[in-house]
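User: I would like to go through this model with you, beginning with the ligand and then turning to one strand.

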Amino acid sequence: MRRTTVVGSGVIGLSIAHELAAAGDAVTVVADADIAHSVSTVAAAVWFPYLSASPQTGRWLERSLARFRDIALDPSAGVDLRLGTVVERTTDPDRSWMAVVDDARPATAADLPAGALSAVRATVPVVTTGAYGQWLTARCRALGVGFEVRHVESVDALAEGADLVVVAGGLRSGALLGDDESVVPVRGQVVRLENPGLTQWWIDDDNPAGLTYVVPRRDDIVCGGVSEFGATGLEPDPETERAILERTAALVPQLAGLRIVSRGVGLRPSRPVVRLERVAGHAVPVVACYGHGGSGVTLSWGCAEDVAALAAGL
Ligand SMILES: Cc1cc2nc3c(=O)[nH]c(=O)nc-3n(C[C@H](O)[C@H](O)[C@H](O)COP(=O)(O)OP(=O)(O)OC[C@H]3O[C@@H](n4cnc5c(N)ncnc54)[C@H](O)[C@@H]3O)c2cc1C
């Protein structure tokens, strides 16, 4: 049985561990933070492409959507299929994602917020990340995946105990591999409100006042956000939060006055394109899978399936 070590316990590492274990590998996940303490749990997380251009994005979107639809049948997974609105404020919006969403359709004029030129309504997965992280971890354990909590200094240090290493370390993957300086942090900040029963999500990326989204989950409403390239501060900024609350309440008036239940900051692992390939020059075969920007949850299953297919040929 092939011994495979996956570095990273975020949504990418765990999805890959799941697929490789299902294919028969003896998988160990090594990470210095579990999914509850990773960027993956800060994610909103609505299925939608953001800051993740790659030639394969369309296929990854489609595959992940299909997997999340199946997963949503299990209520304990924290995945719900929910109707929402993508607001468009340019004359040439990118609607390529619509091709894989069967009920995606242009919104009527009555659905448009002030200043919007058009919008699209669609039913897509909304992932309550805390519950999903626990579910995914349990699914991995059920397939025999082992977990080690420790920092990895170098890929080659893992060679003794592994026949294959997969690097899914998000933002720190390039440094770990030592051959890639193109991953940059894109700081995001959210404020979570009590949820009196809202279900419909809103994405308003091109809002002239700033990136705006509202994602009602099972137990709260995630309001965002910002995309600060190169910023690394992990403390919520009060002025950013005030502006987020102002923008989101302008978009969804029912939010005004709702109690704040928590706050979050995370650094999206951004890269010109997602890196999913074999990496040469190491003591054992190494596969890289990182750089998913603002779409790691959205693309997770499609990428994990491709890593498993790549690994099957090694
Ligand atoms: C505010 C915000 C909102 C977002 N909203 C969405 C959304 O709505 N939809 C969506 O799809 N995405 C969203 N994202 C993006 C998403 O969170 C990321 O794309 C995704 O979490 C990346 O997952 P990952 O597994 O690659 O990285 P991470 O979650 O960062 O996990 C990396 C793992 O690698 C481990 N690691 C790294 N280096 C080492 C090392 N040297 N040794 C040991 N362990 C190591 C870490 O401990 C961790 O376990 C959002 C992000 C933010 C910040």
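**Ligand shell and strand β15**

Analyst: Helices and strands here are DSSP runs numbered from the N terminus (H or I, at least four residues, for helices; E, at least two, for strands). At least two residues of the shell around the ligand come from each of α1 (11-22), α2 (39-42), β8 (184-193), β13 (260-270) and α7 (296-312). This is a predicted model, in which local features need pLDDT of at least 70 and side-chain atom pairs count only at pLDDT 80 or more, while totals for chains, interfaces and linings use all residues. Residues are numbered from 1 along each chain as its sequence is written, and side-chain values use heavy atoms, with hydrogens and water left out.

User: How many residues surround the ligand?

Analyst: A residue counts as near when one of its heavy atoms lies within 4 Å of the ligand. The closest are D32, A33, S40, G293 and T298, and the residues that surround the ligand number 35.

User: Which residue has a polar backbone atom 3.1 Å from a nitrogen atom of the ligand?

Analyst: A polar contact is a pair of N or O atoms within 3.5 Å. A polar side-chain atom of S38 lies 3.3 Å from an oxygen atom of the ligand, whereas the polar backbone atom 3.1 Å from a ligand nitrogen belongs to A44.

User: Why is strand β15 largely enclosed by the rest of the structure?

Analyst: Buried means under 20% relative accessible area (1.4 Å probe, protein chains only). V286, A288 and Y290 point one way from β15, V287 and C289 the other way, and all are buried. Strand β15 (residues 286-290) is therefore largely enclosed, its buried residues being 5 of the 5.

Conventions. Polar contact = N/O pair within 3.5 Å; in protein donor to acceptor, adjacent residues only side chain to side chain. Buried < 20%, exposed > 50% of the residue type's maximum accessible area, 1.4 Å probe, protein only.
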